[in-house]
Amino acid sequence: MSHVVKLPAVEDTRDFGRRLAGLLRAGDLVLLTGPLGAGKTALTQGIGAGLGVLGDITSPTFVIARVHRPDPARGGRVALVHADAYRLGDATDPRAEIDDLDLDASVDDSVTVVEWGEGLVEQLVDAHLRVRIDRRDDDTRIVELDPVGGDWARRLADLG
């Protein structure tokens with residue numbers, strides 16, 4: 001059962017990411033999909049703030065992946081791996097490039113958020129959260145969260 005949220009502005013998207021971070025734990029995989037400019041990175045910024053990680057969260061499009069370590073001074077409890085598979089879609093074998101990122105080496109110890117990763121990274125874990133973000137002309141974001149396996153459905157019920 002999916003969970004749909006309407007967010008009026010980009011700051012609401014970040015705030016929602018902070019709330020979502022409260023449900024996340026080491027070993028979680030979150031797949032973000034949506035058109036360019038929909039708010040995938042803004043949501044990840046909120047997740048990073050909620051997890052209390054170090055460093056500015058920016059789009060990893062050109063570096064492909066960034067690791068943000070927890071900051072104990074900010075209540076950090078788990079690392080955030082933020083990856084972007086957008087540029088991998090043109091590769092002959094994008095799954096081989098995903099393997100080269102070694103996401104499986106950190107997935108158990110961190111929250112892993114992958115933009116544009118649908119169809120490429122689901123095999124890293126038994127269960128994941130698929131998040132689709134669409135932006136309307138008035139900048140409202142419609143966020144649809146789809147739990148895939150595990151206890152995601154129960155956790156999303158706690159989101160309210």
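A crossing of two helices is called left-handed if the near helix is turned anticlockwise from the far one by less than a right angle, and right-handed if clockwise. The model treated here is predicted, so local features need pLDDT of at least 70 and side-chain atom pairs count only at pLDDT 80 or more, while totals for chains, interfaces and linings use all residues. Residues are numbered from 1 along each chain as its sequence is written, and side-chain values use heavy atoms, with hydrogens and water left out.

**Exercise 1.** Describe how helices H1 and H2 cross, and give the handedness of the crossing.

*Solution.* Helices (H or I, at least four residues) and strands (E, at least two) are DSSP runs, numbered from the N terminus. The axes, which are lines fitted to C-alpha atoms, for helices over the stretch in contact, give angles from 0 to 180 degrees between N-to-C directions. For H1 (residues 10-21) and H2 (residues 40-51), the axes come within 6 Å and cross at roughly 45°. The crossing of H1 and H2 is right-handed.

**Exercise 2.** Work out the strand order of the open sheet and find which strands stand at its edges.

*Solution.* Two strands pair if DSSP finds at least two bridges between them. The open sheet has 7 strands in the order E1-E7-E6-E2-E5-E4-E3, with mixed pairing. Strands E1 (3-7) and E3 (65-68) are at the edges, and each has a single partner strand, so one side of each is left without a neighbour in the sheet. From one strand to the next, the twist averages 20°.

**Exercise 3.** State in which sense E4 and E5 pair.

*Solution.* E4 (residues 79-84) and E5 (residues 110-115) pair in the parallel sense over 6 bridges, and Ala-79 stands opposite Ser-110 in E5.
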